[in-house]
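The questions below ask how certain labels are earned, and each reply sets a value against the criterion behind the label.

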Amino acid sequence: MVSRFCFFVFLLLIGTTIFSQRYKKVHANAVLVDTHNDFPSASIEKKVSLDADLLGKTHTDLARMREGGVDVQIFSIFCGPEQQHPYAFANREIDSVYEWAKRAPKRMTLVRTPFELRRAIKEKRLAAMLGVEGGHMIEDKIEYLDNFYARGVRYMTLTWNNSTSWATSALDETTKGDSLPYKGLTDLGKKIIERMNALGMIIDVSHNGEQTFWDAIKLTKKPVIASHSSVWHFCHHRRNLKDDQIKAIAKNGGVIHLNFYAGFLDSTYERKAIAFAALHKPEIDSLISKGTQPNYAEMIVMEKYKNEVESFRPPLSLLIDHLDYIVKLVGVDYVGLGSDFDGIEAGPRELNGVQDFPLITKALLERGYNKKDIRKILGGNFLRVFRANQLGLN
Ligand SMILES: [Zn+2]
């Protein structure tokens, strides 16, 4: 009896070991694309460079990206609407990404085409890409859009939280409603969509108001992405996508890249985070008074009181629930990952930075996804959209 029991335990151990090795192998063999990482903004706020060891300071650094099996990283080029010269500011952030690639040429390279992307992966270098997060950075000039494309920008989020003169944001559409002078895309907005299609720059619908979303998706002749949005069904946040939007993106051949932000995954998170911020208000205010941006001040304080925050972060299984929901609604071809690392103060408990991406693969295997589907989710779906947008250009 005892020996039979020992044999059973032995088999269980072997099984567990095989599984733990399997997820690592599946993860390593897949191309992992993360469509949204805010490190360029975080690097300015925290005065750090991507090639340094930043464990405990940021979600991202080059060494941990390798550890996490990140093959393609789209860096978000961003500044808030309060900047006097957003186009110039964005260009300085692009300079930083170029600089990081120059400092670590064996570990990272900037890619502009699917061909360059494949080559970088073959050479085991991080394929860095650029996305402009907010149409305000083109300052209403199509030539600035062209210049961004020439510098390697391959997607633009039509709006950030602020509307432009040609597109309304989710924040404005939901809070200003009928007092807005227009809703959705204006004639200039429509021209910008056409120009993005012609250039091969992917249209990103994250942050867009619903009217802007519907105007853009009706007009575009190429597949779009949501670079960092989650699912409305689980969490009624204006940044998340409703079922009819998810279906429209699938019909368009586009991809929804899930945002890891706890406040977009879990409808109870924001209430708890507000209570935390109220408790630590003096400390947060003191950082802001010294010039730290409010969202980064909150992030720094949350990092300091990690254990408190830990208690109200959602589990990784909730992110997988969001993913599963999209798969069940429209299929496995229309979902991907857009972490928003270094732009969010907290994600699921298990995901503390770019090094933890393999845990997503592990969770997907446990949820019953096969290797082929996992490859699509981790990056294959994005690559399809990238190729479709670039078709006939090179
Ligand atoms: Zn964003």
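Q: Which residues in α10 meet which residues in α16?
A: In α10 the residues D243, I246, K247 and A250 meet Y325, I326, L329 and V330 in α16, where contact means heavy atoms within 4.5 Å. Helices such as these are DSSP runs (H or I, at least four residues), strands are runs of E of at least two, and both are numbered from the N terminus. This is a predicted model, in which local features need pLDDT of at least 70 and side-chain atom pairs count only at pLDDT 80 or more, while totals for chains, interfaces and linings use all residues. Residues are numbered from 1 along each chain as its sequence is written, and side-chain values use heavy atoms, with hydrogens and water left out.

Q: How is the packing of α10 and α16 described?
A: Two packed helices are described by the angle between their axes and the distance between the axes. For α10 and helix α16 (residues 316-330) the angle is about 65° and the axes are 10 Å apart, the axes being lines fitted to C-alpha atoms over the stretch in contact, with angles running from 0 to 180 degrees between N-to-C directions. The contact of α10 with α16 divides into six nonpolar residues, no polar ones and two charged ones; Ala, Val, Leu, Ile, Met, Phe, Trp, Tyr, Cys and Pro count as nonpolar, Asp, Glu, Lys and Arg as charged, and the others, Gly among them, as polar.

Q: What makes E133, H207 and H228 the protein donors of the zinc ion?
A: Donors are N, O and S atoms within 2.8 Å of the metal (3.2 Å for Na, K and Ca), and because water is not among the atoms, sites may look incomplete. The atoms concerned here are OE of E133, NE2 of H207 and NE2 of H228, lying 1.9 to 2.2 Å from the zinc ion, so they satisfy the definition. In sequence these donor residues are spaced E-x73-H-x20-H. The pair E133 and H228 links distant parts of the chain, 95 residues apart, with E133 in strand β4 (residues 126-133) and H228 in the loop between β7 (225-226) and α10 (243-252).

Q: Why is S41 called buried?
A: Buried means under 20% relative accessible area, exposed over 50%, and partly exposed in between (1.4 Å probe, protein chains only). S41 has a relative accessibility of 9% and therefore counts as buried. This residue is found in helix α2 (residues 39-46), and apart from residues up to four places away in sequence it touches F78, E93 and Y296.

Q: Why is K47 buried or exposed?
A: K47 counts as exposed because its relative accessibility is 73%. The residue is placed in the loop between α2 and α3 (62-67).

Q: What makes the phi values of K47 and D342 worth a remark?
A: Most residues other than glycine have a negative phi, and most peptide bonds are trans. K47, however, has a positive phi near 55° without being a glycine, and D342, likewise not a glycine, has a positive phi of about 65°. D342 lies in the loop between β9 (335-337) and α17 (358-366), and its relative accessibility of 2% is why it counts as buried.

Q: How do you know that the side chains of Q355 and R64 make a polar contact?
A: A polar contact is a pair of N or O atoms within 3.5 Å; within protein, one must be able to donate a hydrogen and the other to accept it, and residues adjacent in sequence count only if both atoms are side-chain atoms. The contact between the side chains of Q355 and R64 has a value of 3.4 Å, so the distance criterion is met. Q355 lies in the loop between β9 and α17 and counts as buried because its relative accessibility is 14%. Leaving aside neighbours within four places in sequence, Q355 is in contact with L55, H59, R64, E67 and G68.

Q: Why is G68 called buried?
A: G68 has a relative accessible area of 0%, which is why it is buried. This glycine is found in the loop between α3 and β2 (72-77), and its contacts beyond four places in sequence include H27, L32, V354 and Q355.
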